[in-house]
Every structure is written in structure tokens, then in C-alpha cells.
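Biologist: Please take me through a close look at a single part of this model, the place where one chain meets the other, and set it among its surroundings. I am in my first year, so please explain each term as you come to it.

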Amino acid sequence: MSTISPDELINEIQPWNVDSWRNFVENCVVPIKFLAETVAKQFAGDASSEVSRFLADCATRVLEVARKFLGEVKVKFEVPVDPIECLRQLVERCGNAFLGVGENGKYTLFAWTLRKITKEYLFEALYPTLKNEEKRGKTFEILGIKEDLPLFVPAVKSPLTENLTILGYPDYPSICRVEEWGEYVTLSILPAREPTFGGSICKFVDGLVAVLSRPGILSGVEPSADVVKIYLDKCPSKPTELHQYSWGKLDWKTSYANLSELSKWRIDRPWSISGFAVRCVDRLYSSEKWDGVLQETNLLSFLRWLMPSLITGRAEILLSADGRIALLLERGI
Amino acid sequence: MSEERRRLKALHYVEDYLEDLLYMLLSAKERPEVEVKIEEAKEAQKIRVVSVTPEGRKTEIISEAPHPSLKELPLLTPINVMRPLELTQPILPLENEVSAEVRLQSLYKIGYLLQMPVKVFDYEVKRILPLHLPLVSPIFYSWLREEIKPVGFLEQPEVNAFTLKNLLRLVEILPKLPRTAERIEANVKVPALTSNIFPIQNEVKTTLTDTAESLRAKAQAQHVKGRGLLELIFPEEMEKFRRFRGASGGYVGEPIIIVLPESEHHLWYLFWVICREFYREVKGEYPEPVVLLDKGCELWLRVSGMFSEKIIILREQSIKDDESKKWFKRRLQEAFSQGLGFLIIMTKNVDNTVTFIKESCKPYAPMIIDVRTLPELSRLMEVLIRVLSAGFGIPYSELCKVDDLRAGDKVAMIVEGKLQEFPQMDIIVTRVDRAYRNFVNELLSSNYLAHVRRDVSERESEDHVAMKILAIKYINERFNIKPEKIACTFDVGSEVIADVYVEERALAVECETMFGTAPAPLLKIFESVRKYIERAISKPINEIWVIIRNWSAILHLGDLLWIENILREELKKRSKEINVKFFIPDVYGKYLKPIDDIVNIIFSGG
């Protein structure tokens, strides 16, 4: 167990380099796709089949999107005949593709950290290398981040607006429709029109975690380390500055199904965003009407507190389509 | 895009919503701002708020507010920026004015000093004029937009005026209100940007739990069951070859006719050897070989012509003339009541030949194994070499060397993009067969022979003796147990004789050539192991090894692994602490190799 600075990470994997991503897809995603497909077929009816099917679909999507940006990708892998060996290899490869594990884990980690990120955190704190227009342009093009279509823009004309704009992948769950107001607020996650390479990798990571939770027959395989737990333990925890009762629980093991398009999230203490004002409220009747302010802060502080845990995945944020409501989730296993 | 058109666009996806929101934010610039005018009037101020509705209509709200009269904002407590000031209505003591007047009667006729009327005020203050405090509210914005709401005042300390002097002061001058002790300073306190350091981890390895290992064995056994050398070489003809293999264990009362497509790669020799091995399993002896590839077919059919107890190899072209056809037809019909034998026919057209045979035999329906499609040569060779190399323990390089071969005995193939030469198929099979025979001979002439005792049966084959020698050699070398302490053909219980027994390790070894074990030769292996758990045993047994002769092992490989698994489960269920392990001799290294390892090599393609 060691650490890597974001700067070292980006320079090692060179995300602006198409060949770099192609190697990742061919050596990591393709074998997992074949193994997961085989396990899903061979153990149909078992819990392992469901998670393997999801992972196989995610890997297929990564592969399809990769072809658009990376050109031809070699799809060759010989699946072991022995079904139990398939299980073993699947778990081993999933472990070694997980965030920050081995060489492949560096690619998933990089893509994962760009799920939802403010511009100031991205360029000032995390990857200043991406200030370089050419590198940024290529990286964003490959991963599918659109600077002209951010996930969130503060509804205030201010010099801070640009900094607090959130970039990310439209196809990884973040933008929602409000379905219920009042004591509880329910958000349903909106689907994206087009899959992005980055968003597909992030969903692929959720699939890896689902397989690494080893349901059903997969429990017969023991990895040498619990990489998911180690990762979460080492990640910055949720910010204590934000109201403790405003956090929902997101179980990473099942998030492949629960944090997906059209799934609903119900929470009793949402955050209301009004210009730069951010309030954790007890009851929310509309974007502008609330009762019982539990905490009041500003957008700058809110996002700066949130960012370290958000980019690593310990925290997750869901936003209403008008950017006026936010739900915070704490990821755990 | 006009706003109306944008509004008509359905919002379904994340991208739609984000585009719409962005448009709204950007277009907000173009809207006229709210205009606020304040007009001074005598009694109050007039506030006009002029704004434009989203539809473009102009609205005006006029409201009035009295003049604020207090010039200084009284600050009673330090401002708590974390909590808005609480505004309450002031409660001031307001009382009615009291006046009292006493008029004194004039004294007439008496001249007194006239005095002016005297006014006497009450001791207490009866009325205090209302104070006008400034309108200060944190919700000024909403007040401005909508309507004038009741304005809250800062809570004032109760003021009492006890004297006229005090009262006058209260009326005339501003009340002395407490002031804040210090100036208020505001500091910006926002969290600083902190960079993350990401955790990275070394690659992980995975192992299987005991349950999974057991499950793996079961699944693998089930997966490979019924698959041997022939099924691996001809996967598309698997069912036919299962029937063929079954013939050596099932109904053995008839000849089997094998129809092969003509091949320049001498495929027939492989079938010839396989038929020989099946025949040995069934009958326990060698079949008589008859080769009619070139000429003499008609003569043989006329003079001898019985298929049973033989392996006959001929070409379809050899039966062209009417006389040959007549005799061939006759011999085929006679096959309905003969024992096991094999007729291998090579033909250019398998379909026609099969039809011809079927027509010739009528009304008898013979057992025909027809191979209609041959796999690609490179695939066929790759599987054949892999199975034979692993199954006999002969190195790949030894099997495939071509240095000493004539051009006609070699075949060129493209393997992994490179043109390579390999021996013809019959050469490979011959090499394996030769290596096995040499291995048996070598063992039979080794010093370990001195420690071997013959079986009680007089029909013990040289292969069986050689396997007992190999078992003694292996145990001696692996466990460093002296040959003298390794018993051979040893009585370990009531009618239970182990081929080899090692008391020191409580190990019994069974050598299985599978010769003459029909019907169902594989049952013999079940019997060999079950005797240790079903009969009374007088010696300790913790482990049973079953050594299976190489040719039989590769022909029944899948079934053997399945049997091993079944027997393990059976022993576990019967609470016997006995482990069963199947081995195959390694002809090259002269040691024993677990069958699981060989299955892994063969079926994983490694």
C-alpha cells in the first residue's frame, strides 16, 4: 500500500495519449469482458451471474465507446475451459483493475476522479497539467468531458462562477428530476443520451466492486487483499463541516443497480442551492421554499469541503436538473 | 433557436436539461433589470418598483414608507454573522398625558398681590412621544419587490422618565443607547483548496477456498466427462466417437465399420492404433491386423474375409470390380453374427460409401462410424501432439523433430504466423507407440523387477508388471522408502490384494491396464477402489493410488477424471479418511503424474 500524487498519476498514464488508453482496454477490459460473459452464462441463476452480466455489459460499453475514439481495438482472450478457473481469473482481474491497483488500476483511478469535479479543484489542486490546452482538449475528448456542457453552473454572475462550475460525465449518475417535495425529497436519475468513455469506465468500476463483493459462487474465490475496503479506508472521509444528518448511505456493493439511470433516491435533509447560498433544510417545498434550516453555508465552502471526498468516491452528489437541489451520499461497503 | 421553440423541445436526457439550464442562465443577461424609484413626499417616501414579467408585460408596484427619524443605528449586541438578528416589536411604556390645573378664587375688595395661575404637573410621566426609528430589515429585497410589510424594530431598553427634566431631555434629545464596545471586523473564512494523494495498491492474487476447489473438481469432471483423445481431435463428431468408444465397453458382439475420408496425412494409422487398444480392453489380447491398402483385397475377401477379431484396413477403390463387390457384400452380411472386429475403409466420398455399405448389409444394419469432415490440419495436429505429449510425458520437441525424416514423412504448416515442418501424423503416433513399448521393456529389465511379485492370475500382462515396477520405483525415489519395505501383490484384507502396498505410508497402489475388462472396462476401476471400503481390511489404508496405462488413460481421460471425483466423494460420505488419486505413467521421465495435472494441460490448451 502506497500513495501516488495526482501529478505523478497523470504523467504516468498520459491520458491524452490514445495508445495508452488502447493498451488499458486491450489488457484489462477485454479479458474481463470475456470472463464475465462466461461466468454469467455458466452460473445463470446464481447471484454471481447477475453481477457478472452487469460487468460484462459495462466492459462491452467501454469497448464500444473506446472504438469511437481509439480506433481499432484487439479483442482476443482465451477463456479457461474450467468454470471455476474462470471465476478465479475474473475475481483476480477485477481486483487488479480496481482503482489504484497495479498498472491498470491507475487508468480506472484517473477516469474515476473526473466523475464530478469543480474547475478550480481540477486545474488548481488536482491536475494542473490539464491547464495545457492541447493536453486538456485531447483528454476531455477521449473521456467525454464537455467544457461547454457542465454538470453544474452556479446561477450567479460572479468571478467565482467559472471556478465553481462542475465538469464530469453526463452518463455517470449525477443529474436528476425532482419527483417528491416536502419532508422527503425524491430525485430520479436522468438517463444520458450518449455513453462517454469516462462514464463507461466509472460504471465499469461499480461493476468491479459488485464482482469483488463476491456474491454466490464467487465467494469460493479469495483475493489476497480486500482492495475495495483498503481504498475506502485510505480515501478522505466525508467532510465533517457539512451537516451530519444530510448524508444518505450508498452501498458500493449494490450501487451498480441502485445508482443507475432512472433509479430513485429519497432523502429527508436535502441541500437547497440559491445563488451562492447553500442551505441544508429540514423540509423543502420547492426550489425557493423551505422550512427548518439546519445549516447555512456558501457554495464555495460547500464545494471545497466536498471535493476531496467526492473525487475519490467516498462521497457522491446528486443534483436536480435546475441545479437548485443537491443530495449527498456517503459511499461505503 | 427561439425561446418558444426551445420550450417546445421535450426534456428527456441529462444533456437536454443541462443545455436548457445553460440557456436560461445565459439569457438572463438580456432581460431588463428591475427599476426602483424613491420619491420624497411630505409625510412619507414613495417607492416605485417597475419590472417586466417573463411575458414582457411592465408592472409597477408603489408603496409608501414613513420617513425614518433616527439618524444612528443603535447596535445593542455584536453582530453574529452565523445567525441573523432577531427582530421584535419594541415595547415602550406609553401613557396618556395628565394635566391638572387649580384655579384660586379672587379675593375681592381685599387687595392682595395678584399672582399668575399656577400649573402643577404630576410626579410621574404620563405620556411619551413615539420615537421614529429607521426602517432596517434584512429582508429589504423582498419588501421592496412585493409590498411593505410590518417592520420590526430593534428591542429598546425600557426608558423611564421620572422628572420633568428627564422627560424634557427624552423628548428633545436622542436617547442615550448603549453602543458596541468595539468595531466589528469581518474576515473571509472559506476552506482552502487541498490536493489529494491517491492510495495505490499492489496487484492481488486469488486462491480458491476448499469448497470451491471441490466444486471445481466436480465441475471440471462433469465438463470433461465422456471426452477422450478422439473427441478432442474431432469435436464436431463427438457423439459418433462416444458411440465408438462405448463399443469397447458395451455391446461387443459385432464388427465396427469405420469410414474415413482419404487423407494424405495418414490418418488411418491413428485409428488403427486406437482400434487395437479398444480391442485389448475388450478381449485382453491383440487383434489380428489385415492391411489391404494396395492389393489382395478380393483374394482376402474370398478366402478369409471374416471381420471379427481383426483390424482390417482397405481402400474403397479396392472393391471396384463386381467380383470384389460380391464378396465384400457377402462378408458384410455375415458380420451380423461375429465378435468384435474393426473394418477401416478409406474413401473419397464418405456419403456414397456409407450408402453402399448400408445397402450391401441389408437387412442387417451394421455399426458404422463415418467421419465426414476432418478438422483443419494445423488444428488436428496441434491437438494430437498436445494430448500425446501430455498423456505420455514425451516432450513436444521430441515428438515434433523432423531432422531424420524424409520429405514425404513431413508436413509443412503455418503455426503462429510462421511456416513450420512437422512429422506426418502416422510418424507421431508411431513415435509415441514406440516410446511406450521401450518404456515397458526398460522397466521390465530394471533392477526393481527383483521386488515385484506376479499376480495370482496367469494372464498378467507385461504392461501390468511394468506398472508395478514403476510404482515401486516412484515410491522409492519420492518418499525414500527402501524397495524391501514396499510389498508387491500384497494381501491387505479379506480377498483384498493390493498390487503394491507401503505400510509405512498406509498406501495401496492399484495398476490398471484395463485389458480384458469388458463389458464396461471403466467399472473395473470402481471395483479396484471400492474393494478397500466394502471388504474387511487388515492393514491400515490412508491413500489409494490408481495407475492407469497411458493409451487407455488418454482414450478415456474425461471419464477417468469423473470416476476419480465420484470415488473421492463416495469415500468422504462413508467417513473414510482415505484419499484416492489417479496417476498416469510419464514415459519419458519414468515417474507418475497426477491425472488432474494432465487434464489441466490438455483441456486448458496449455
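Modeller: In chain A, which has 333 residues, 53% are buried (20 or more other C-beta atoms, placed from the backbone, lie within 10 Å of a residue's own; 12 or fewer means exposed, and in between is partly exposed). This is a predicted model, in which local features need pLDDT of at least 70 and side-chain atom pairs count only at pLDDT 80 or more, whereas totals for chains, interfaces and linings use all residues. Residues are numbered from 1 along each chain as its sequence is written, while chains are lettered from A and ligands numbered from 1 in the order in which they are written.

Now to the meeting of the chains, where 60 residues of chain A are in contact with 38 residues of chain B (contact means that C-beta atoms, placed from the backbone, lie within 7 Å). On the side of chain A that touches chain B, at least two residues each come from several elements, among them β1 (2-4), α1 (6-13), α4, α5 (104-113) and α12 (299-312); helices are DSSP runs of H or I with at least four residues, strands are runs of E with at least two, and both are numbered from the N terminus. By class, this side of chain A has 36 nonpolar, 13 polar and 11 charged residues, where Ala, Val, Leu, Ile, Met, Phe, Trp, Tyr, Cys and Pro count as nonpolar, Asp, Glu, Lys and Arg as charged, and the others, Gly among them, as polar.

One strand of this side, β1(A), is joined across the interface by 3 bridges to strand β6 (residues 198-200) of chain B, and the two run antiparallel (strands pair if DSSP finds at least two bridges between them). Within that pairing, A:S2 has B:I200 as its bridge partner in β6(B).

Helix α4 (residues 83-97) of chain A also packs inside its own chain, where its axis comes within 9 Å of that of helix α2 (residues 18-42) of chain A, and the two cross at roughly 140°; axes are lines fitted to C-alpha atoms, for helices over the stretch in contact, with angles from 0 to 180 degrees between N-to-C directions. The two helices are therefore oblique to each other, since angles under 35 degrees count as roughly parallel, over 145 as roughly antiparallel, 65 to 115 as roughly perpendicular and the rest as oblique. Their contact includes A:C28, A:I32 and A:L35 of α2(A), together with A:C86, A:L90 and A:R93 of α4(A), and the residues of this contact divide into 12 nonpolar, 3 polar and 1 charged.

Elsewhere in chain A, which has 12 helices and 13 strands, β10 (residues 277-286) and β11 (residues 289-298) pair in the antiparallel sense over 8 bridges, with A:R279 opposite A:E296 in β11(A) and a hairpin of 2 residues joining the strands. Among contacts in chain A between residues at least 6 apart in sequence, 71% join residues at least 24 apart.

In chain B, an open sheet of 6 strands runs in the order β15-β16-β17-β18-β19-β20 with mixed pairing, and β15 and β20 (591-594) stand at its edges, each with a single partner strand, so one side of each is left without a neighbour in the sheet. Inside it, β18 (residues 543-548) and β19 (residues 579-586) of chain B run parallel, joined by 5 bridges, and B:W545 has B:K581 as its partner in β19(B).

Technical notes
Two residues are in contact if their C-beta atoms, placed from the backbone, lie within 7 Å.
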